[in-house]
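I set down here, in order, what I looked up in the structure shown below. Each entry takes up one topic.

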Amino acid sequence: MSAEKKKAKFREDEQIIENKELNIWEALIPVFALVGMLAYNVYVFGDDALSGSNQFILLLGGAVAAIIGFFNKVSYKRMIAEVAENVKSTTGALLILLMVGALSGTWLVSGIIPAMIYYGLQILNPTIFLAACVIICAIISIATGSSWTTAATVGIALIGIGEALGISLGMTAGAVLSGAYFGDKMSPLSDTTNLAPAMAGGDLFSHIRYMTWTTIPTISITLIVFIILGFTIDTTGVADTDAILKSINASFNINGWLFIVPLVVIFLIVKKAPPLLALLIGTLLGGVFALIFQPDIVTTLGGGTSLNFESSYKGILNAITVDTAIPTDDPALNDLFSSGGMAGMLGTIWLIVCAMVFGGIMDGIGALERITKSLLSMAKTTFGLFASTVGSCLALNVTASDQYLALVVPGKMFSKAYQERGLAPENLSRTLEDSGTVTSVLVPWNTCGAYHSGVLGVGVGEYFFYAIFNWLSPFMTLLFAAFRIKIKQLTATTS
């Protein structure tokens, strides 16, 4: 069983804590407090808010939730136990983050990322670039079942190409994430795609087929918007493409052999190798290729004057672990050809741990269960049931900071309600995916938002508007519910 499916299984078996002492307003106090504190903190710190202050605000939000818990007879021991379970569930994600930092370092010094940018500049012009990003990432994500791996490999390269083409980082990141989450959502290899029908009591492939009704229109609209954006992009940044290509060539030994490494990583993931193993092999191969194709760069990073074992060892380990920058004669490329290594991921890891503290305490005091039940109580009609499910998933992504909880908690809470209304489980599983899976990346302190923002080097606020597929999906599922389009019944095929 893969790490993702183990985590999905863990979330599936997780018990949701109920606290009859807690009322809805008490459950919402930590949420309002957190949102208010985060809003003020971002206002004060701006883009630097993720450097540490937001992390502390999440802990303060957890403290507010703990105070509410104490007043409602919840023990400190129970809250800490839930925090421990939450943090434990992110172990795989944290290790993947560290390996992504290591991989980006060796792929930079080996010339792999520069080669992708070099050839990409010649193939992907601004007019088709954004739409191509969506399609490329969708294909890779369907094949791998992982939006995280797609962003960490192809996504990083596309961000570099987009920056070199003079395209907004937010636009490129939005296109990458739109494609990556479409593929993740539709792939039978995806953990969330397996988890959603398990929660709703449905079948995997029926779930995937049923999702196409809302997902295909959403991705089609997304592609149309990006095609239109492609025709409106100011291409003045591309005037110096020849100069940029010459600068890349002068700094790196660029050749087609470098693509062996990313192809090996993609092959391993398609063959269902654990992502950690695939990323580790990609990192090590990147180091080997750096020694073969970029010996001067490795020597410089190792502080030596000639390539030897000591300078090679130091150069590769520096690329893997700490900040690395490859200077060029083009100022625009200097920021592009830099990597934070494993150390560069520590801020994101810090954010995820603090988010899990807040989510764990909220679960421990019974606030998550209370919020979801209140949403369910407002569902008087079939549309109201769908709307409550969407609202619950969005609320859990914000409050629990984890997309798995955003599927598990509403899935457990709403499954009986859908059954009582005569609705097939595919309705619930599709709504969980349309509103829980894809919107997790739009919340800065959610594990998915923190991960993708850290990996791509683009703030959630920068890509939010352009992650069209992600924010449009909940509206699409509500539109289908409002007009009763493809609402499958338990005793009939379709209404």
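**Entry 1: Tyr181.** I began with Tyr181, which lies in helix α9, residues 169–186. Helices here are DSSP runs of H or I with at least four residues, strands are runs of E with at least two, and the numbering of both starts at the N terminus. The model is a predicted one: local features need pLDDT of at least 70, side-chain atom pairs count only at pLDDT 80 or more, and totals for chains, interfaces and linings use all residues. Residues are numbered from 1 along each chain as its sequence is written, and side-chain values use heavy atoms, with hydrogens and water left out.

I then asked whether Tyr181 is buried or exposed. Its relative accessible area is 1%, so Tyr181 is buried; the term means under 20% relative accessible area, while exposed means over 50% and partly exposed lies in between, for a 1.4 Å probe and protein chains only. I noted the contacts of Tyr181 beyond four places in sequence, among them Ser147, Trp148, Cys448, His452 and Phe469. Contact means heavy atoms within 4.5 Å. I also looked up Thr150, which is 31 residues from Tyr181 along the chain, with 9.4 Å between the two C-alpha atoms.

**Entry 2: Ser429.** I found Ser429 in helix α22, which covers residues 425–437. Ser429 counts as buried because its relative accessibility is 1%. With neighbours within four places in sequence set aside, I listed Ala196, Pro197, Ala200 and His207 as the contacts of Ser429.

**Entry 3: Leu124.** I located Leu124 in the loop between α6 (112–123) and α7 (126–144). Leu124 has a relative accessible area of 11% and is therefore buried. Residues up to four places away in sequence not counted, Leu124 touches Phe129, Ala132, Leu158 and Leu165. From Leu124 to Leu165 I noted 41 residues in sequence and 8.9 Å in space, C-alpha to C-alpha.

**Entry 4: α11 and α25.** Two packed helices are described by the angle between their axes and the distance between the axes. I asked at what angle the axes of α11 and α25 cross. For helix α11 (residues 204–232) and helix α25 (residues 468–482), the crossing is at roughly 135° and the axes come within 9 Å. Therefore α11 is oblique to α25. Axes are lines fitted to C-alpha atoms, for helices over the stretch in contact, and angles run from 0 to 180 degrees between N-to-C directions. Angles under 35 degrees count as roughly parallel, over 145 as roughly antiparallel, 65 to 115 as roughly perpendicular and the rest as oblique.

I recorded the residues that meet, including Trp213, Pro217 and Phe226 in α11 and Phe469, Leu472 and Phe480 in α25. The residues of this contact of α11 with α25 comprise 11 nonpolar, six polar and no charged. Ala, Val, Leu, Ile, Met, Phe, Trp, Tyr, Cys and Pro count as nonpolar, Asp, Glu, Lys and Arg as charged, and the others, Gly among them, as polar.

**Entry 5: α5 and α18.** I next examined helix α5 (residues 91–109) and helix α18 (residues 346–364), which pack at an angle of about 170° with axes 10 Å apart. That angle is why α5 is roughly antiparallel to α18. Leu94, Leu97 and Leu98 of α5 make the contact with Leu346, Thr348, Ile349, Ile352 and Val353 of α18. I noted seven nonpolar residues, one polar and no charged in the contact of α5 with α18.

**Entry 6: Cysteines.** I asked how many disulfides the structure holds. The number is zero, a disulfide being a pair of cysteine sulfur atoms within 2.5 Å. For Cys133, the nearest cysteine sulfur is that of Cys137, 6.1 Å away. Cys133 is buried, with a relative accessible area of 0%. The closest cysteine sulfur to that of Cys393 is in Cys448, and because the two are 13 Å apart, they are too far for a bond. Cys393 counts as buried at 0% relative accessibility.

**Entry 7: Positive phi.** I found Lys73 in the loop between α3 (53–71) and α4 (76–89). Phi of Lys73 is positive, near 65°, in a residue other than glycine. Lys73 is exposed because its relative accessible area is 69%. Arg484, not a glycine, also has a positive phi, of about 50°. I placed Arg484 in the segment after α25, and at 39% relative accessibility Arg484 counts as partly exposed.
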